[in-house]
Each structure stands twice: as C-alpha cells, then as structure tokens.
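Me: I am new to reading protein structures and would like a close look at one part of this one. Could you walk me through it step by step?

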Amino acid sequence: MTPSDCSVQLFSFTILALWGWQFNKQLKQLTEKQTLLNNSLLQPISTLKTTLDSLAYQQVNLQQHIVQENKILQQQVIQQSNQLTETLSSQYEAHFVDFIHNLTATINGTESEVNNQPVQLENQIQAEEYDPKNPPKADCFSGHYTDWTIKRVRRIIQHFGADFFAGKRILDLGCGYGHVGSLFAHLGATVVYSDAREAYSEEVLKRDPSGTFVRADLDNEFPFEGQFDLILNVGVLYHLSKLDAFIERCCKATAYMVLETEVCNSSDPNLVLYTEEEGYDQAFNAKGSRPSSAYVEAQLRQHGCLAEALADDSCNSSFHRYDWAVDESTTYEHGLRRLWFVQTPLAKKPKAKPSKKATKETATIGIVGIKAPAVAKKKQGSSVKN
Ligand SMILES: C[S@@+](CC[C@H](N)C(=O)[O-])C[C@H]1O[C@@H](n2cnc3c(N)ncnc32)[C@H](O)[C@@H]1O
C-alpha cells in the first residue's frame, strides 16, 4: 500500500467516523424527542383514564343511589296511598251512613203517610238474607245482592211513589227467585213472574203465593197475555242475544218499564258485544250480550219511548255501578250497568214531563219519534259471569 493509498483510507475512515458520529447524534436526538413525545401523550391519556375510571365509579354510585332513592320513594308512595285509602274509606263510610240515614228518614217521613211498607220491605229482605232457615239459594242472590236489591227497589219506589203499585199488573222478566217482583206484590201489585228456568218457580211462588209463574225463553218467545202496567226488566237483557225483538216486545206490552242491564263502554248506537256464558243464573242459551247504552236508548226511541237514565250512585253496590262516564274503551266489565225508567206510548198520560236538562238523579234520553239506527255490529266477547 502506498502512502497516498493510506491517506485516502484514513480520509475515508475519518469521513465515515464523522458521519457515524453525526448519525448517532441525530438518532439520539430523535430518540429523546420520541421519549418526550411519548411522555407528553402518555400523561394526558393516563389522566383521561383516571378521569373515566372515576366517572364510571361515580356512575355506579349514582345508580345505586337512584335505586336506593327509588325504593324509599316507592315505600313513601305506598305508605301515603295506604293512609289516603284509610282516610277515604272512613270518609266514605261516614258519607254512606249519612246517606242511608237521610234516605231512610225521607222514606219514613214522606212515604209512611201512604204506607210504611218500603221500610217493612227492607226488613223483610234483610230477614230473608239472614234467616238461617231460609239461606240464600245461590251465590248470585247472596252477599251484596241484598244491599243492591234494596237500593234498586227503593229507587224504583221513589220514582213511581209507594202508592203507584197497588192494583197494578207487573211482569217480572228473568225473575230468578222473584226477589225484586215479590217486593211489589207486598205493595199491592199482581205480579206475573217469568224465567227460562222452571226450577225457580217453586221458590218464586213460595215468596209470592198470589203470583203466577210463566216459563219463557225470552230470546225466542214472549207468551204473555194482556197488557202490563209495569215491566221489571232487571238484570236479564244482557243474558239475551236477540235484543231488538225483545225490546220491541217489551215496549208493546207495557206502559212503564224499569230496564236495568250490564252494558259496554261505548256511545256507539250500533254497538253490541256478544258473550259466551254458562251458569244457573246466566244466559239460558249460553249467548249473552253487552250493548252500549246508546244502542238500548236508540231502540227505545225507535219504539216511541221516553226514558230517563239513572245518573247518580243511589243504586251502586259493591262492583255494580250506574254513575260511570263512557270513555269509549268499547269493552265491558263486570258491574258496568245502566238503569232506565221507561215510559212507552201505552202510558196514557206522561208520568212526568221529560226535562230538557239532565237532572242530577236521572237524565232524559228519549224523544218520541226519533228513528234509531237499525243494524247492530256483531262482535264476539269473552265468557263472563254475572
Ligand atoms: C242475573 S239473574 C237476574 C234475576 C233477577 N231479575 C234479579 O235482578 O235479581 C238473570 C236471570 O235471567 C234468566 N235468564 C237467562 N237467560 C234467559 C232467557 N233466555 N230467557 C229468560 N230468562 C233468562 C236467568 O235464569 C236468571 O234468573
């Protein structure tokens, strides 16, 4: 190797060493920068993570707190509603006792002049209910049935006046054991009792030996002779399925009628819900119905009747209610009832002028001559017990 070669090599090494040194220096700087960068990123990330952890922890705490608060609130609501129910029940009880006292006082005061029988009748129904020798024949006619029947009969007597019944001819349709009709026999009426079930007749005639029992399936026949002063059409219409024909036959056979039935919650004058029924006091043909009140009223109008619908709570008893407002749910529920005092064209003189304005106790719905829609929508309902 010549000296000049050595110089070249030395020069090359020196250059290479310088380049390497420079490279290392830059690499070191880069590494430092990267470390700085990492540190500056890692720090906020870890802070963020800590914050998130703390938030998650707070959220869990908050949820637990909410659940706890909810439980406390629920307990408070239950406690308050229990207290409210107790207060209301005692107020209702007091109101009810007052109501009965006032009504009894009215009946005693005004009607004892004519005859004290309404009060005696109540005693009689009570005695029947509690007489161990004569226990109620079946569930339908026991329990709150006594209270309910007293209220309905008392309201009917109030409507017509206690002296109306003497000498009158009354037809008690779907009479069951004749609880309702026989009370009017005590007020001097002659009562024809009718039910599809012959089995009731013995008990009916024991209750009212002066009465007559006619077995009739009211969905298919109306075998009664002559005209009646009053038809007691109580708790039977909704056990029938051929309503139009039945209502028409009733309207043509009497001057007055008390029409009481379960109905569905609708103001559609075409609506009748049909139901399947079974039981000793249910539809004889296993098919019942829940017409809307509007349907019944339309039928009555069609036959030239005036009708006043009971609008107060005087006949409410247990789950049986008359003073409810239609909410168009188009359903029926057990105990949703209506009662009308009906005057047919056979009534010689209108008993009372129909008021234009609805009163608190009754609301006049009938106007002679208004034609009602004729066709009923048929809907199938579910099975119901009375
Ligand atoms: C819920 S009870 C009402 C009894 C009574 N009117 C009262 O309010 O206490 C219904 C009555 O209607 C009778 N019934 C059911 N379907 C009938 C039908 N197709 N023809 C005649 N009566 C019927 C039953 O036998 C039963 O006695």
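Which residues are closest to the ligand, and how many surround it?

Reply: Happy to help! Keep in mind that this is a predicted model. The ligand is surrounded by 22 residues, and the closest are Gly174, Gly176, Ala196, Gly235 and Phe284. By character, this shell divides into ten nonpolar, seven polar and five charged residues.

Now let's turn to the strands. Strand β4 covers residues 228-234, and it pairs with β5 in the parallel sense over six bridges. One pair you can look for is Val234 with its bridge partner in β5, Glu260. Between these strands, look for helix α6 (residues 243-253): β4, α6 and β5 make a right-handed β-α-β unit.

Strand β5 also pairs with β9 (residues 337-343), this time in the antiparallel sense and over seven bridges. Here you can find Met257, whose bridge partner in β9 is Val342. So how enclosed is β5 (residues 254-262)? Nine of its nine residues are buried, so the strand is largely enclosed by the rest of the structure. As background for looking at any strand, side chains in a regular strand alternate between the two faces of the sheet.

Next comes helix α7, residues 293-302. Eight of its ten residues are buried, so this helix is also largely enclosed by the rest of the structure. The buried ones are Ser293, Tyr295, Val296, Glu297, Ala298, Gln299, Leu300 and Arg301. What do they pack against? Their partners are α6, β6 (271-276), β7 (287-291), β8 (306-310) and β9. Notice that α6 belongs to the β-α-β unit and that β9 pairs with β5, so you have met both already.

Finally, let's check some backbone angles. Just after α7, Gly304 takes a positive phi of about 75°. Most residues other than glycine have a negative phi. Two residues in the loop between β8 and β9 are worth finding with that in mind: Ser318 and Thr330. Ser318 is not a glycine, yet its phi is positive, near 50°. Thr330 is not a glycine either, and its positive phi is about 45°. As for their surroundings, Ser318 counts as exposed because it has 11 C-beta neighbours inside 10 Å, where exposed means 12 or fewer. Thr330 is partly exposed, with 15 other C-beta atoms within 10 Å.

Key. Residues are numbered from 1 along each chain as its sequence is written. This is a predicted model: local features need pLDDT of at least 70, side-chain atom pairs count only at pLDDT 80 or more; totals for chains, interfaces and linings use all residues. A residue is near a molecule or strand if its C-beta atom, placed from the backbone, lies within 6 Å of it. Ala, Val, Leu, Ile, Met, Phe, Trp, Tyr, Cys and Pro count as nonpolar, Asp, Glu, Lys and Arg as charged, and the others, Gly among them, as polar. A residue is buried if 20 or more other C-beta atoms lie within 10 Å of its own, exposed if 12 or fewer, and partly exposed in between; C-beta atoms are placed from the backbone. Helices (H or I, at least four residues) and strands (E, at least two) are DSSP runs, numbered from the N terminus. Two strands pair if DSSP finds at least two bridges between them. A crossover is right-handed if, with the strands pointing away from the viewer, the path from the first strand over the helix to the second runs clockwise. Two residues are in contact if their C-beta atoms, placed from the backbone, lie within 7 Å.
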